[in-house]
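Let's take a walk through a protein model together. Keep the sequence and the 3D view open while you read.

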Amino acid sequence: MQDQVNHTDIMLPQAIAWIEPTTEQLADQLLDAAELPEGARILDVGAGTGPLVIKAAERGYQVVGIDNAPLTTTYLKGRVEPYPNASADLADANALPYPTDSFDAAFSVLAVMYAGPDAVAEMRRVVKPGGTVAIVHWAKPHMSPYTEIIWSTSKELSVDLPHMGADDFAALLSKAGFTDVRVDPIEASYPMPPAGEFLLEFSPFLVASPAYRTMSPRNRADLDIALAERVRRIETGQDPRPVFEALVAWARA
């Protein structure tokens, strides 16, 4: 898990600037659809910068957000200080530090599936029987629109990142003991860095790629130019704007 922790923390500024505007929208959609009872106790697994934690706290729910990234969790702890009904814990999704049946609902937005099936089973354990669970995960190998832009510009950087089709997603939750499982597409908009800043903004993601690290300085410069041109074409409508593609799995514990 250490590599994931480091990568998450390294990407913290990008998560705040570019990922959170999208996950805020997803958080609102999930909380609207869940129709939870007043004062429900909620767990957010892989809370990241905390958009769902903050949204839930503002609605009056008792909410706990967990993440396994130390710096990111410290940031979230600062964010929740104004909310007495919210807290943040540094924890492993595969071994949640909470008693069985201690939450009315659990959510995870583009996070828990990286930890694997055991983490899904842990969500099942800590949610009371009949409680609501909603998990958002990527629907396509390229995951985010940003990685789609990078990989369509440089096939050399393309890898098959974790994603899941609707049938496999539903089967995974059923195997973990959930009932009333359904999987739906979920949509959101996203901001785009300016053409000339796109590579700079996502450089921490690129540096994590072995293929990028082995590129010559000339090839990296060529990639910078190509990415700027690709984003510029999207900005001007010459190329289609990539679509945010994700799935949400709903279930009962």
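Here is a tour of the model, from its confidence scores to some single residues.

**How far to trust it**

This is a predicted model, where local features need pLDDT of at least 70, side-chain atom pairs count only at pLDDT 80 or more, and totals for chains, interfaces and linings use all residues. Residues are numbered from 1 along each chain as its sequence is written, and side-chain values use heavy atoms, with hydrogens and water left out.

The score called pLDDT is the predictor's confidence in each residue, from 0 to 100. For the protein chain its mean is 92, and 96% of the residues reach 70 or more. Residues 1-5 are a weak spot: pLDDT stays under 50 there, and the model has eight contacts for them beyond four places in sequence. Contact here means heavy atoms within 4.5 Å.

**What the record says**

UniProt, in an unreviewed entry, lists residues 42-131 as "domain: Methyltransferase". Such positions are given in the numbering used here, feature names are shortened, and annotations may be inferred rather than shown by experiment. In the model, that stretch is 32% helix and 30% strand, with its end C-alpha atoms 10 Å apart. Helices (H or I, at least four residues) and strands (E, at least two) are DSSP runs, numbered from the N terminus.

**Helix H3 and its surroundings**

Is helix H3 mostly covered or mostly open? Mostly covered: six of the eight residues in H3 (residues 51-58) are buried. Buried means under 20% relative accessible area, exposed means over 50%, and partly exposed is in between (1.4 Å probe, protein chains only). The buried ones are Pro51, Leu52, Val53, Ile54, Ala56 and Ala57. What do they pack against? Their partners are helices H2 (12-34) and H4 (70-80), plus strands E1 (41-45), E2 (62-67), E3 (86-90) and E4 (103-109). Just after H3, glycine 60 takes a positive phi of about 90°.

**Salt bridges**

Side chains of opposite charge can pair when their charged atoms come close. A salt bridge is a side-chain nitrogen of Lys or Arg within 4 Å of a carboxyl oxygen of Asp or Glu. Searching the whole structure turns up 11 of them. Here are some examples:

| Positive side chain | Negative side chain | N to O distance |
|---|---|---|
| Arginine 59 | Aspartate 28 | 3.2 Å |
| Arginine 182 | Aspartate 184 | 2.9 Å |
| Arginine 230 | Aspartate 239 | 3.3 Å |

Take arginine 59 and aspartate 28, which meet in a salt bridge. This pair links distant parts of the chain, 31 residues apart: arginine 59 sits in the loop between H3 and E2, and aspartate 28 in helix H2. Both belong to a network of salt bridges that links Asp28, Asp32, Lys55 and Arg59. Arginine 59 is partly exposed because its relative accessible area is 35%. Aspartate 28 is partly exposed too, at 24%.

Now look at the arginine 230 pair. Arginine 230 counts as buried because its relative accessibility is 18%, and aspartate 239 is buried with a relative accessible area of 17%.

**A buried aspartate with no salt bridge**

Aspartate 67, in strand E2, is buried yet has no salt bridge. How far away is the nearest side chain of opposite charge? That is arginine 79, 11 Å away. (For charge, Lys and Arg count as positive and Asp and Glu as negative, while His and the chain ends are not counted.) A polar atom of the aspartate 67 side chain does lie 3.1 Å from the backbone nitrogen of alanine 69. Leaving aside neighbours within four places in sequence, aspartate 67 touches several residues, including Thr8, Gly46, Thr73 and Asp89.

**Two unusual phi angles**

Most residues other than glycine have a negative phi. Leucine 110 has a positive one, near 55°. This leucine lies in the loop between E4 and helix H5 (117-126), and leucine 110 counts as buried because its relative accessibility is 14%. Aspartate 180 also has a positive phi, near 50°. This residue is in strand E6 (residues 179-186), and aspartate 180 counts as exposed because its relative accessibility is 61%.

**A last stop: threonine 147**

Threonine 147 lies in helix H6 (residues 145-153) and counts as buried, because its relative accessibility is 5%. Its side chain reaches the backbone oxygen of serine 144 at 2.9 Å. Beyond its neighbours within four places in sequence, threonine 147 is in contact with His142 and Phe205.

How values were computed. Polar contact = N/O pair within 3.5 Å; in protein donor to acceptor, adjacent residues only side chain to side chain.
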